[in-house]
Amino acid sequence: MSKSIKVEKLVFSYNKNKILDNINLEFIEGNIITIIGPNGSGKSTLLKNIASTLTPQEGTVFLGNKELKKYSLKELARQIGVVPQNTNIEYDFTAYDIVLMGRNPYIKRFQIESEADISIVEEVMKKTNTWDLKDRNINELSGGECQRVVIARALAQEPKIILLDEPTAALDMHHQIEILDLLKVLNKQKNITVIIALHDINLAARYSNKILLLNKGKQVIMGNPENVITKKNLQLAYKINMIVDKNKYTNSLQVIPLSNLKI
Amino acid sequence: MKKHNYFKIFSILLVIVFITISISVIIGVANITVVDSMKIIFNKVPVIKKYINISGMQNSHISIIQNIRLPRVLISFMVGYGLSIVGVAFQGMLKNPMADPFIVGTSSGAALGASIAILLKLNNTFLGMGAVSIFAFIGALLATLIVYNMSRIKGKVAVTTLLLAGVATGQFFTAIMSFIMTLSTKDISKITFWTLGSFSGRGWDHVLIAVVPVLVGSGIIYIFAKDLNIMLLGEDNAKNMGVDTEHTKKIILITSVLITAFLVSISGIIGFVGLIVPHITRLIFGPDHRILIPASGLLGGIFLVIADTLARTIIAPTEVPVGIITALSGGPFFIYLLRKVKRTV
């Protein structure tokens, strides 16, 4: 069964404010899809609707052929792993404990973790380069380490799809690239569909094969980076003067915003 | 969760429980020797009792140990056990270190119920429970029901609203209670004594009333230990990891309120235990609810048994409300621990 996500006529409002307005699109499985758009364009809200954290007022989200709301929470957790915008864990759990919690959707109420669960935890921690951190308390880790642990936790759910909301927002460039490289590897090796909300258009252009541009809750365009990252599209959403060209080192599109200031 | 040796931890705790209970039964105004006390206690235990001969002892001594001290020690253990477990569950579920078993308005509801019964001078009993206890039970449930319904928005329990509604309802009920106290000044001392908690005159009837709700209730809460762990990562995250947070919150809330209402109707409002013991246990054993829940229960029981033994002996024959002892001893100890471990709760 296909594990693509299809969004049909989705409308979501907080109180009376329409955050997402008539969104129709499909996230085809096996892709790395980034969602870009200005602040308040509805990136996070869209992710939360796909993660089933929020329920749309109108419209439907499908995972495969089945409506999202027809999945039980545990079924869904085996399909979709979510890495939230900021993970703030104030309790003294070790990194290992956190990742082990990711096995929850596979463990029945009166069961304890099996050998298989333990070995999957080890595998995902090694893959995310967090195995060395396993006995450290989560609240003692740096931002980048913590983010990798949270990704490992999501991977322990063995999802087909992983959703990430600004996973690199609080990280320096070294750790930004590290996280995005990791996602790319996971996409290649395990064919996991990766859906990321990102602020950084240049990184989006470098790492994704599909980009969705949102503006004020509406879909501007979705497609290949070359079709989306154009001056016309971006200016429509961001309302700023800019230069779009090809970076000669990375060979991907890059955007340089220009200042309106004249001194 | 550092890999604790569960077996070792709980063996040690159970031994301490046993020692505390034994010593507390021995200590008291009536001068009964250690050996005699032990004989009387073991005489109640099946199998062992064949080997024990208590025929030579005074009947009054046997009666004091069997019918007064032993049930009282057991009931104080159960109250400490139950309140601490509810405290752990609430602190975890609400992700709020200030939460205690009474945070959802239980105590003020119980206090109001009790003071109405005291004011009306009701003396009827039902299933061995006095009118004051029954009114307290009803008051506790009523207050929590109001709080619960206020905090339910579109079928979901909003944590912040729950906390605020608990405080608001609590204040409202306390105001009515204060008004009752103003109307009937001669009952003030009785009401005050009740709101500070006491085990004076509690017997086997009360043990029987409390034992089922406490054991079954704590068992139910323990079943959700793993869900509580995951919910510490935030409710949305927990949902994405397959935890039905709303279901968990409702079950824990209802179970906890029932446990608390039963306990409060027996002992009055014993503050502090349900707030401090969970924190102390967390400082010692870490945040894993699978250890935290049973360990807090046992430590809470031990703490309250000691506190009540002090309450009845410290200025005997006058009894001190046990709530005063728990606050006086628990507060400084907790601050000491907090400073020593230098961790945030």
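## A:F27, the core and two helix pairs

Author: A:F27 is buried, with 23 other C-beta atoms within 10 Å. This is a predicted model.

Reader: Where is the place of A:F27 in chain A?

Author: A:F27 is in strand 2 of chain A.

Reader: What is A:F27 in contact with, leaving aside neighbours within four places in sequence?

Author: A:S4, A:I5, A:I33, A:T193 and A:I195. A:I195 turns up again in another list: A:L163 touches it too, along with A:L47, A:I50, A:A51, A:I80, A:V82 and A:V83. That list leaves out residues up to four places away in sequence.

Reader: And A:F110? What separates its C-alpha atom from that of A:F27?

Author: 36 Å. The two residues are 83 apart along the chain.

Reader: Back to A:L163. Which residues have the most contacts inside the largest nonpolar core?

Author: A:L163 is one of them. The others are A:V99, A:V149, B:A89, B:A114 and B:F262. That core has 165 residues.

Reader: Which helix gives the largest share of this core?

Author: Helix 3 of chain B, residues 59-94, with 17 residues.

Reader: Stay on helix 3 of chain B. At what angle does its axis cross that of helix 8 of chain B?

Author: Roughly 25°, and the axes come within 10 Å. Helix 8 covers residues 204-223. Angles under 35 degrees count as roughly parallel, so helix 3 and helix 8 of chain B are roughly parallel to each other.

Reader: Left-handed or right-handed crossing?

Author: The crossing of helix 3 and helix 8 of chain B is left-handed. Helix 3 brings B:P71, B:L74, B:I75, B:M78, B:Y81, B:G82, B:I85 and B:A89 to the contact. Helix 8 brings B:W204, B:H206, B:V207, B:A210, B:V211, B:V214, B:S218 and B:I221.

Reader: How do the residues of that contact of helix 3 with helix 8 in chain B divide?

Author: 13 are nonpolar and three polar, with no charged residues.

Reader: New pair. How do helix 4 and helix 7 of chain B cross?

Author: At roughly 150°, with axes that come within 10 Å. Helix 4 of chain B is residues 106-119, and helix 7 is residues 188-196. The cut-off for roughly antiparallel is over 145 degrees, which makes helix 4 roughly antiparallel to helix 7 in chain B. Helix 4 passes helix 7 in a right-handed crossing.

Reader: Which residues meet there, helix 4 to helix 7 of chain B?

Author: B:A111, B:A114, B:S115 and B:I118 in helix 4 meet B:K190, B:I191, B:W194 and B:T195 in helix 7. By class, this contact has five nonpolar, two polar and one charged residues.

Reader: Now the two chains. How many residues of chain A are in contact with chain B?

Author: 19 of chain A, with 16 of chain B. Helix 2 (73-79) and helix 3 (95-101) of chain A each supply at least two residues of the side that touches chain B. Helix 2 of chain A gives the most, with three. The chain A side divides into 10 nonpolar, five polar and four charged residues.

Reader: Last topic, phi. What is odd about A:N15?

Author: Its phi is near 50°, a positive value in a residue other than glycine. A:N15 lies in the loop between strand 1 (5-14) and strand 2 (17-27) of chain A.

Reader: Why does A:N15 count as exposed?

Author: Because A:N15 has 4 C-beta neighbours inside 10 Å, and 12 or fewer counts as exposed.

Reader: And A:N129, what is its phi?

Author: About 65°, positive, although A:N129 is not a glycine. A:N129 lies in the loop between helix 4 (115-127) and helix 5 (143-156) of chain A. With 13 C-beta neighbours inside 10 Å, A:N129 counts as partly exposed.

Definitions and conventions
Residues are numbered from 1 along each chain as its sequence is written. Chains are lettered from A and ligands numbered from 1 in the order in which they are written. This is a predicted model: local features need pLDDT of at least 70, side-chain atom pairs count only at pLDDT 80 or more; totals for chains, interfaces and linings use all residues. Helices (H or I, at least four residues) and strands (E, at least two) are DSSP runs, numbered from the N terminus. A residue is buried if 20 or more other C-beta atoms lie within 10 Å of its own, exposed if 12 or fewer, and partly exposed in between; C-beta atoms are placed from the backbone. A nonpolar core is a set of buried Ala, Val, Leu, Ile, Met, Phe, Trp, Tyr and Cys residues joined through C-beta atoms within 7 Å. Two residues are in contact if their C-beta atoms, placed from the backbone, lie within 7 Å. Ala, Val, Leu, Ile, Met, Phe, Trp, Tyr, Cys and Pro count as nonpolar, Asp, Glu, Lys and Arg as charged, and the others, Gly among them, as polar. Axes are lines fitted to C-alpha atoms, for helices over the stretch in contact, and angles run from 0 to 180 degrees between N-to-C directions. Angles under 35 degrees count as roughly parallel, over 145 as roughly antiparallel, 65 to 115 as roughly perpendicular and the rest as oblique. A crossing is left-handed if the near helix is turned anticlockwise from the far one by less than a right angle, and right-handed if clockwise.
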